[in-house]
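Reader: I'm new to this one, so could you walk me through a single part of it closely? A helix and whatever packs around it would be a good place to start.

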Amino acid sequence: MSLAKRNEGAKVNSDINVTPMVDVMLVLLIIFMVVTPMLQKGVSVDLAKVNNPMQMPDADKEDALVVAVMRDGKVYFGNDRTEPDQLTQKVKDRLANRVDKRVFVRADARAKFGSVVQIVDNVRAAGVDQLGLLTDHKKQPGTAPPPAPTTGGQ
């Protein structure tokens with residue numbers, strides 16, 4: 001009677017099965033595609049586009065005070081629609097217990113200038129220390145930033 005040899009090394013599959021990983025990645029992609037539009041807080045506004053915007057990372061914070069002016073003249077304070085003459089009192093109420101008295105204005109590029117000025121005036125009347133006008137960066141294809149100024153003698 002002889003001992004039977006077991007050749008289990010020949011049965012080993014060294015290929016990586018990527019199908020489960022692809023399935024997980026597609027599910028994550030779908031989740032991100034569905035959730036991302038919901039993360040935008042406030043109302044959707046077509047902001048004015050400028051060449052040299054100033055970065056305002058505080059506008060994206062959870063507790064940032066944002067006033068939106070729509071193209072048809074409607075005014076939103078956060079997600080709530082309000083009348084322009086009531087905006088001053090609402091801003092005062094929200095700023096009462098805050099140290100940082102900063103408000104950001106998101107005005108539609110096609111909103112009437114007079115209505116934006118009225119909103120800025122109403123916000124300033126509430127005792128706001130700093131007012132930020134939010135804009136988008138204008139994308140210009142094929143343009144490089146201007147060269148740095150040089151100083152030198154002759």
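Author: Sure, let's start with the whole chain and then zoom in. The accessible surface of the chain comes to about 12300 Å², and 56% of that belongs to carbon and sulfur atoms (areas come from the Shrake-Rupley method with a 1.4 Å probe, and for residues only the protein chains shown count as cover). Keep in mind that this is a predicted model, where local features need pLDDT of at least 70, side-chain atom pairs count only at pLDDT 80 or more, and totals for chains, interfaces and linings use all residues. Residues are numbered from 1 along each chain as its sequence is written, and side-chain values use heavy atoms, with hydrogens and water left out.

The chain has three helices and seven strands (DSSP runs numbered from the N terminus: helices are H or I with at least four residues, strands are E with at least two). From the N terminus, they run α-β-β-β-β-α-β-α-β-β. Of the 154 residues, 23% are buried, meaning under 20% relative accessible area, while exposed means over 50% and partly exposed is in between (1.4 Å probe, protein chains only).

Now for the close look: helix α2, residues 84-95. Its twelve residues reach 17 Å from first C-alpha to last, close to the 16 Å expected at 1.5 Å a residue (the expected span is 1.5 Å times one less than the number of residues). The buried residues of α2 are Pro-84, Leu-87, Thr-88, Val-91 and Leu-95. They sit on the same side of α2, because they cover an arc of only 100° around the axis (taken from the directions from the helix axis to the C-beta atoms). An α-helix has 3.6 residues a turn, so residues three or four places apart point the same way. On the face turned away from the buried side, α2 carries the exposed residues Asp-85 and Asp-93.

So what lies over that buried side? The cover includes the strands β2 (65-69), β3 (75-77), β4 (80-82) and β5 (102-107), plus helix α3 (113-125). As for contacts in the chain (heavy atoms within 4.5 Å), among those between residues at least 6 apart in sequence, 74% join residues at least 24 apart.

One more spot, back along the chain: Ala-59 is in the loop between β1 (49-50) and β2. Ala-59 counts as buried because its relative accessibility is 8%. Ala-59 and Leu-133 are 74 residues apart in sequence, yet their C-alphas are 9.9 Å apart in space.
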